[in-house]
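Please work through the exercises below with the sequence and the model at hand. Each task is followed by a solution in steps.

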Amino acid sequence: CLNNIDICCITETWLNADIPTEAVDIDGYVCHRRDRSDGRQGGGVMCYVRNELQCHRLNAADNDGVESLWLLYRQPRMPRSVSHIIIAVIYHPPGAVNLITTTHIVDNVDALLRQHPHSGVILVGDFNRMPDAPLRDIPLKQTVKAATRKQATLDKIYTNIPEWYHDPTILPGIGQSDHHAIAMLPIGSVG
């Protein structure tokens with residue numbers, strides 16, 4: 001809230017069904033969350049969206065084998081070339097099957113772009129060491145250029161509209177996280 005963030009995406013929330021959303025609500029934001037549901041601790045993804053923004057969850061994009069959360073965002077004043085922005089928050093934990101995650105992402109982007117053919121795409125999250133050639137083939141550009149955990153760039157942003165945003169800024173980690181936070185700010189009034 002202090003940084004005037006419109007949309008905040010979080011990975012490795014460590015939330016589960018025993019923790020009510022009310023416990024993590026932030027005043028002025030809608031909380032979308034997808035907890036890890038296989039009984040293991042950790043994981044999970046979440047997205048806070050400022051109340052007044054036109055953004056809704058795409059539950060059809062969920063897959064039990066991939067920790068992801070998909071949203072469709074529409075700003076009141078969008079450029080004519082883009083109707084919506086598809087936002088996905090993804091956690092690809094160490095040891096996860098790369099092919100399952102990349103197939104899930106590529107299939108969802110393909111299906112959503114058929115439904116909303118003039119959409120921007122922004123994928124954010126902790127991808128660990130997942131090979132990204134399938135994402136770059138969509139084509140999406142990976143915009144984070146600095147290390148986000150020790151000397152590695154594990155937290156990334158992939159998009160087909162990089163010209164709409166300034167280069168991401170690496171910020172200190174939040175709380176006890178050993179990952180840096182990333183801020184991606186729009187150029188002008190877009191985003």
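**Exercises on cysteines, rings and strands**

The sulfur of C55 is 6.3 Å from the closest cysteine sulfur, which belongs to C47, and this is too far for a bond. The model is a predicted one, in which local features need pLDDT of at least 70 and side-chain atom pairs count only at pLDDT 80 or more, whereas totals for chains, interfaces and linings use all residues. Residues are numbered from 1 along each chain as its sequence is written, and side-chain values use heavy atoms, with hydrogens and water left out.

**Exercise 1.** Determine how many disulfides the structure holds.

*Solution.*
Step 1. Recall the criterion: a disulfide is a pair of cysteine sulfur atoms within 2.5 Å.
Step 2. Apply it to C55, whose closest cysteine sulfur, in C47, lies 6.3 Å away.
Step 3. Apply it to C8, whose closest cysteine sulfur is that of C9, at 6.7 Å, again too far for a bond.
Step 4. State the result: the structure holds zero disulfides.

**Exercise 2.** Decide whether C8, C47 and C55 are buried, partly exposed or exposed.

*Solution.*
Step 1. Set the limits: buried means under 20% relative accessible area, exposed over 50%, and partly exposed in between (1.4 Å probe, protein chains only).
Step 2. C8 has a relative accessible area of 26%, so C8 is partly exposed.
Step 3. C55 has 15% and is therefore buried.
Step 4. C47 has 0% and is likewise buried.
Step 5. Consider the surroundings of C47, where contact means heavy atoms within 4.5 Å. Not counting residues up to four places away in sequence, C47 touches several residues, including C8, C9, C31 and H32.

**Exercise 3.** Describe the strands that form an open sheet in the order 1-3-2.

*Solution.*
Step 1. Fix the terms: helices (H or I, at least four residues) and strands (E, at least two) are DSSP runs, numbered from the N terminus. Two strands pair if DSSP finds at least two bridges between them.
Step 2. Three strands form this open sheet, and their pairing is antiparallel.
Step 3. Strand 1 (7-11) and strand 2 (29-34) stand at the edges with a single partner strand each, so one side of each is left without a neighbour in the sheet.
Step 4. Locate C47: this residue is found in strand 3 (residues 45-50).
Step 5. Examine one pairing: six bridges join strand 2 to strand 3, and Y29 stands opposite R50 in strand 3.

**Exercise 4.** Find how many aromatic pairs there are, and describe the geometry.

*Solution.*
Step 1. State the rule: rings of Phe, Tyr and Trp (its six-membered ring) pair if their centres lie within 6.5 Å; planes under 30 degrees apart count as stacked, over 60 as edge-to-face and the rest as tilted.
Step 2. By this rule the count is one aromatic pair. F127 and Y158 form an edge-to-face pair, with 5.1 Å centre to centre and 80 degrees between the planes.
Step 3. F127 lies in the loop between strand 7 (119-126) and helix 2 (133-136), and Y158 in strand 9 (residues 155-159), so the pair ties together parts that are 31 residues apart in sequence.
Step 4. Both F127 and Y158 are buried.

**Exercise 5.** State how many helices and strands the protein chain has, and what share of its residues is buried.

*Solution.*
Step 1. The protein chain has two helices and eleven strands.
Step 2. Of its 191 residues, 45% count as buried.
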